[in-house]
Amino acid sequence: MLDNQPDAGLPQRKRRKGIYVLPNLFTLAALFGGFYAIVMAMNGRFESAAVGVFCAMVLDSLDGRVARMTHTQSAFGEQMDSLSDMVSFGAAPALIAYEWALRPLGRWGWIAAFVYCACAALRLARFNVNTGVVDKRFFQGLPSPAAAALVAGFIWLTSALLVSHRDVPLFGDVISLFGGLPTSRDDLSWIMFAVTMFAGLTMVTNTPYYSFKDFGGRRSVPFVILVVIALLIGVVSIEPATMLFLIFVGYSLSGYVIYAWRKAKGHPVSIVATSKDEPDERGLHDD
């Protein structure tokens, strides 16, 4: 006897899985910021390239928050975010730095750019596998967006100085103590080398950097914090290139200050969880 139902006996078609559009739009926008930065550097527009990296950093900070607020987290979004970060905060800063001031150094120039790019990849890979075993209050090593901001901030600042041939507001006297302003990009090659190597290698250290994840969201903060943020925005608006660079220089050094302070106080300097119950955590806590 034949079954009258046409679909009887046929395998049920699996329901197609979709992806969440809203958070991934922010991720794609961040990826575009990194791609735009590379294109601008290829065309010699280094200030625009640096701004592209900073825009990518802002957009990257929003995609995860949007996903959590709208309950649209997904494994696809996590992988997409990592790939976008590799372009925007790994490849883009390395290529921009090479085109800006590292090229005259020959092999030393491209080695510095490669070291930065490789360290960014290692940093992102370690972040992905250590997410569940680190103290959420801290990052393990300098975050890749902050490292990219350090490199891009230096390029933005120095490119503006070379184009305008003027002193930096508030810091002209300090610069004069070190011989005045640079006159060409070749004068900045070894400084760019040092900044690139420092940013790259600091990403793969175990130095703890405060994550600020316990601020914002639903947790209340003292009123003075809002005042400080308002003052900070006002100061940055005076000279964005200079102030943003100084902010990220301070943040890049803060990890070493935290490390030294915790060491002096006898506190654990590793931010990896101290529990060894889980098999995946074996070996993560050994000195």
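## Close-up views of a mostly helical chain: nine helices, two strands

A146 has a relative accessible area of 8%, so this residue counts as buried, the cut-off being under 20%. The model shown in every view is predicted.

**Figure 1. A146 and what sits around this residue in space.** We start inside helix α5, where A146 is found. Setting aside the residues within four places in sequence, the contacts of A146 are F248 and Y251. M203 is worth finding in this view too: 57 residues separate M203 from A146 in sequence, yet their C-alpha atoms are 9.2 Å apart.

**Figure 2. The whole chain, for orientation.** Zoom out for a moment and the chain shows 9 helices and 2 strands. Going along the sequence, the order is α-α-α-α-β-α-α-α-β-α-α. Of the 287 residues, 40% are buried. Take the contacts between residues at least 6 apart in sequence, and 78% of them link residues at least 24 apart. The exposed surface comes to about 17500 Å², with carbon and sulfur atoms providing 65% of that area.

**Figure 3. The largest nonpolar core and the helices that feed it.** This core holds 54 residues, and L102 and M192 have the most contacts inside it. At least two core residues come from each of α1 (21–42), α2 (46–69), α3 (75–102), α4 (107–129), α5 (144–164), α7 (189–203) and α9 (240–265). Which helix gives the largest share of this core? That is α5, with 13 residues. As general background, nonpolar side chains in soluble globular proteins tend to be buried together.

**Figure 4. L102 and the residues touching it.** Leaving out residues up to four places away in sequence, L102 touches A97, G109, A112, A113, S189, M192, F193 and T196. So two residues with the most contacts inside the core, L102 and M192, touch each other here.

**Figure 5. Helix α4 from end to end.** This helix has 23 residues, and the distance from its first C-alpha to its last is 33 Å, close to the 33 Å expected at 1.5 Å a residue. Its buried residues are G109, A112, A113, V115, Y116, C119, A120, R123, L124 and R126. An α-helix has 3.6 residues a turn, so residues three or four places apart point the same way. With that in mind, try following A112, V115 and C119, which are among the buried residues of α4.

**Figure 6. N24 in helix α1.** Is N24 buried or exposed? N24 is buried, as its relative accessible area is 8%. Apart from neighbours within four places in sequence, N24 is in contact with F76, G77 and M80.

**Figure 7. H71 in the loop between α2 and α3.** H71 is exposed, because its relative accessible area of 64% is over 50%. For a landmark, look at P23: the two residues are 48 apart along the chain, with 10.0 Å between their C-alpha atoms.

**Figure 8. A nonpolar patch on the surface.** Here F223, V224, L226, V227, V228, I229, L231 and I233 make up the patch, and together they have about 790 Å² of accessible area. V228 belongs to helix α8 (residues 223–238). With a relative accessible area of 47%, V228 is partly exposed.

**Figure 9. The E99–R103 salt bridge.** How many salt bridges does a search of the whole structure find? The search finds 1. E99 pairs with R103, and their closest N and O atoms are 2.5 Å apart. In general, side chains of opposite charge can pair when their charged atoms come close. Both partners are partly exposed: E99 has a relative accessible area of 29%, and R103 has 44%.

Methods
Residues are numbered from 1 along each chain as its sequence is written. This is a predicted model: local features need pLDDT of at least 70, side-chain atom pairs count only at pLDDT 80 or more; totals for chains, interfaces and linings use all residues. Side-chain values use heavy atoms; hydrogens and water are left out. Helices (H or I, at least four residues) and strands (E, at least two) are DSSP runs, numbered from the N terminus. Buried means under 20% relative accessible area, exposed over 50%, partly exposed in between (1.4 Å probe, protein chains only). Contact means heavy atoms within 4.5 Å. Accessible areas come from the Shrake-Rupley method with a 1.4 Å probe; for residues, only the protein chains shown count as cover. A nonpolar core is a set of buried Ala, Val, Leu, Ile, Met, Phe, Trp, Tyr and Cys residues joined through side-chain atoms within 4.5 Å. The expected span of a helix is 1.5 Å times one less than its number of residues. Patches are made of residues with over 30% relative accessible area and no salt bridge: like charges are joined within 9 Å, nonpolar side chains (Val, Leu, Ile, Met, Phe, Trp, Tyr) within 5 Å. A salt bridge is a side-chain nitrogen of Lys or Arg within 4 Å of a carboxyl oxygen of Asp or Glu.
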